[in-house]
Amino acid sequence: MVRPIGTADGHLAGRPPPTDPPGPALLIRTSLGVAAGGALGGLARGVAVAVAGALGWPVWPVVLAINVAGSAAIGVAARGISRAWLTAGVLGGFTTFSGWVLDVAVLLPEHPVAAVALAVATPVLCVAATAAALPRAAR
Amino acid sequence: MSSAAALVAVTLGAALGSAARWWVMLQVARYRVAGGVAWVNVPAAAVAGAALGAAADGWPLAALLGICGGLSTYSSLALELAVAIRAREPAGLVLSMSGVLLGLAAGLGAAALGAAALGAAALGARAV
């Protein structure tokens, strides 16, 4: 079993941050797990965006759906022990803050209203999705 | 560039970016630095915005956007905000929202600066 170590998620979820720095073996193992999870999440996001592009759809609704889904999933993950490869890896690699900013930047020149709507809707929907999925004890 | 090559570049970039984000967040937690995920989201948004503004193309763009997409995160940001709201910590909420606005400003500013510097008429492709 991989001991959950100092993820920001764990700290934010009310668990105390680690006092003992993890050993190098655990650091390397966990970082490789996060990289593998991030590759998986990033690939899933890349495939979703590529499919949208092939179908001629705009990218921003896909990225919005990805971010909301990933935000709901991290709320579910917070019900159990936080696994770095899953939360920091898969979900962190799947969701994207920079992609959201790019979508707003691309929409802004020709569709300013849609750009502002996307800028406001994404954080609101993502926080609502996480809050709805969080365990009752943490509410 | 084939879409398969773009996907490989995005995947490898996301692996690198995610591991880097985990390491940065580990330091943020260990030394109890304020700001949370803004430490990864703001620079990622700035670099991605600059790439967009500079109309980067091909696999370098795909790899760069993979790294930025992996480095940045919305799930941890949403958790940060949701926990601050639930714990009724307005200071934490304001700090996190400041990071969100700073990231938006950094990305939009970098895109505008990149486009202005290269004299590009339009923003680059939003490929991935």
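Helices here are DSSP runs of H or I with at least four residues, strands are DSSP runs of E with at least two, and both are numbered from the N terminus. This is a predicted model, where local features need pLDDT of at least 70, side-chain atom pairs count only at pLDDT 80 or more, and totals for chains, interfaces and linings use all residues. Residues are numbered from 1 along each chain as its sequence is written, chains are lettered from A and ligands numbered from 1 in the order in which they are written, and side-chain values use heavy atoms, with hydrogens and water left out.

**View 1. Chain B has five helices and zero strands.**
Walk along chain B from the N terminus and the elements read α-α-α-α-α. The C-alpha atoms fit a box of roughly 45 × 30 × 25 Å along the principal axes. Chain B has 128 residues, and 54% of them count as buried (under 20% relative accessible area; over 50% is exposed and in between is partly exposed, with a 1.4 Å probe and protein chains only). Take contacts (heavy atoms within 4.5 Å) in chain B between residues at least 6 apart in sequence: 74% of these join residues at least 24 apart.

**View 2. Here chain B meets chain A, with 49 residues of chain B in contact with 58 of chain A.**
The size of an interface is often given as the accessible area lost when the parts come together. Between chain B and chain A, the buried area (accessible area lost by the two parts on being put together, 1.4 Å probe, summed over both) is about 4,400 Å², and carbon and sulfur atoms give 75% of that. Looking for salt bridges (a Lys or Arg side-chain nitrogen within 4 Å of an Asp or Glu carboxyl oxygen)? The count between chain B and chain A is zero. There are, though, 11 residue pairs in polar contact between the two chains, both residues at pLDDT 80 or more. A polar contact is a pair of N or O atoms within 3.5 Å; within protein, one must be able to donate a hydrogen and the other to accept it, and residues adjacent in sequence count only if both atoms are side-chain atoms. On the side of chain B that touches chain A, H1(B) gives the most, with 13 residues.

**View 3. Helix H5 of chain A (residues 97-107) is wrapped up by its surroundings: 10 of its 11 residues are buried, so it is largely enclosed by the rest of the structure.**
Among the buried residues are A:Phe97, A:Trp100 and A:Leu107. What do the buried residues of H5(A) pack against? Their partners are H3 and helix H6 (112-133) of chain A, together with H2, H3, H4 and H5 of chain B.

**View 4. A:Asn67 sits in helix H3 (residues 60-77) of chain A.**
Is A:Asn67 buried or exposed? A:Asn67 is buried, with a relative accessible area of 0%. A polar atom of its side chain lies 2.8 Å from the backbone nitrogen of A:Thr96. Leaving aside neighbours within four places in sequence, A:Asn67 is in contact with A:Thr95, A:Thr96, A:Trp100, A:Thr122, A:Cys126 and, over on chain B, B:Tyr74.

**View 5. Two buried residues of chain B are B:Ser96 and B:Val10.**
B:Ser96 belongs to helix H5 of chain B and has a relative accessible area of 8%. Apart from neighbours within four places in sequence, B:Ser96 is in contact with B:Glu80 and B:Leu81. B:Val10 is part of helix H1 of chain B, and its relative accessible area is 1%. From B:Val10 to B:Ala44 is 34 residues in sequence and 14 Å in space, C-alpha to C-alpha.
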